[in-house]
Amino acid sequence: MQLMVVSSELFLKDESDIVNQLFEEGLEYYHLRKPAASEEEISSFINGISSNFRRKISLHSHHHLASSFGIERLHMKEGFRISLGENLVESISNSDYKFSTSLHSVEDLKILPNQFEYAFLSPVFDSISKTNYEGFAKSDFKLADEWKRTSIIGLGGIDESNISQLKDMNFDGAAVLGYIWRRPELAVKSFIKLRRNAE
């Protein structure tokens, strides 16, 4: 099962160092999502990440920075994906980058072009980082193989107590945010727990 971490929206103390440690512990991909951050702030943050790990970063904004930092992955926001309409498949197919995107319903999943490397489907469980953001997955939820046009990564409310359920639900991986960043000083230990429970 793939294991990914989505960044905190705000910059945290020693965050780059923490991310380097997460990669050293086996983090597969790190989604750099800081909606209010400037180009300069994002650049400064990436400079703090070891060049050995930058190809494992997925940029959510300031996509033009990717080439100068050796970043191979871009995340396409749901609204932008929809706005491309008929040009979506061509835009992805003609790019040198690997794309992911976000989905919030199974119905969207069923019509997603298979050119995406993977897609986040959320919220699986009640969100940790957002209040009153309830998960859609009941105990008997399962993704049908015929719905999956690409790898599907569960996001939302995932912690060490429920990550093992994602396999039974037929997800290909998990992405976490609140569980890792609610206590940044314990981020690496929390990730290790999560990784062990996902195995």
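Here is a guided walk through this predicted model, from its barrel of strands out to its helices and pockets.

Let's begin with the barrel itself. Eight strands form a closed ring in the order β1-β2-β3-β4-β5-β6-β7-β8, and their pairing is parallel. If you look along the sheet, neighbouring strands are turned against each other by 30 degrees on average, with direction ignored.

A good place to step into the barrel is strand β5, which covers residues 98–103. Is β5 enclosed or open? Five of its six residues are buried, so the strand is largely enclosed by the rest of the structure. Its partners are easy to follow on screen. Strand β4, residues 73–76, pairs with β5 in the parallel sense through four bridges, and you can find L74 standing opposite F99 of β5. Strand β6, residues 118–121, also runs parallel to β5 and is joined to it by four bridges. Here L103 stands opposite L121 of β6.

From L121 you can carry on to the next strand. β6 pairs with β7, residues 151–155, in the parallel sense, over four bridges. The bridge partner of L121 in β7 is G154. L121 therefore makes a handy stepping stone, since it stands opposite L103 and has G154 as its bridge partner in β7, under a definition in which strands pair when at least two bridges are found between them.

Now move on to β8, the strand that holds V176. With a relative accessibility of 1%, V176 counts as buried, because the cut-off for that label is under 20%. Which residues does V176 touch beyond its neighbours within four places in sequence? Its contacts are M4, V5, V6, L155, I158 and L194. It is also worth placing V176 against E9: the two are 167 residues apart in sequence, while their C-alpha atoms are 13 Å apart in space.

Next, the helices. Helix α2, residues 39–47, lies across β2 (29–32) and β3 (57–59), and it runs at about 160 degrees to β2. Helix α1, residues 15–24, contains N20. Is N20 buried or exposed? Its relative accessibility is 12%, so N20 counts as buried. Setting aside neighbours within four places in sequence, N20 is in contact with G48, I49, S50 and F53.

Let's finish with the pockets. The largest has a volume of about 490 Å³. It is lined by 28 residues, and those closest to its centre are R33, S122, K130, L155 and L177. The elements that give two or more residues to this lining are β8 (173–176) and α8 (178–181). By class, the lining divides into twelve nonpolar, eleven polar and five charged residues. You have already met L155 as a contact of V176, and here L155 appears again among the residues closest to the pocket centre.

The second largest pocket holds about 160 Å³ of space. Its lining consists of S8, E9, L12, R33, I128, S129, K130, L177, G178, W181 and R182. Four of these are nonpolar, three polar and four charged. Some names may look familiar: R33, K130 and L177 line this pocket, and they are also among the residues closest to the centre of the largest one. E9, whose C-alpha lies 13 Å from that of V176, is part of this second lining as well.

Methods:
Residues are numbered from 1 along each chain as its sequence is written. This is a predicted model: local features need pLDDT of at least 70, side-chain atom pairs count only at pLDDT 80 or more; totals for chains, interfaces and linings use all residues. Side-chain values use heavy atoms; hydrogens and water are left out. On a 1 Å grid over the protein atoms alone, a cavity is a set of points where a 1.4 Å probe fits but cannot get out, and a pocket is an open set with protein on both sides within 12 Å along at least five of seven lines; lining residues have an atom within 4 Å of a point. Grid points are joined across faces, edges and corners, and a volume is the space filled by probe spheres set on the points. Ala, Val, Leu, Ile, Met, Phe, Trp, Tyr, Cys and Pro count as nonpolar, Asp, Glu, Lys and Arg as charged, and the others, Gly among them, as polar. Buried means under 20% relative accessible area, exposed over 50%, partly exposed in between (1.4 Å probe, protein chains only). Contact means heavy atoms within 4.5 Å. Axes are lines fitted to C-alpha atoms, for helices over the stretch in contact, and angles run from 0 to 180 degrees between N-to-C directions.
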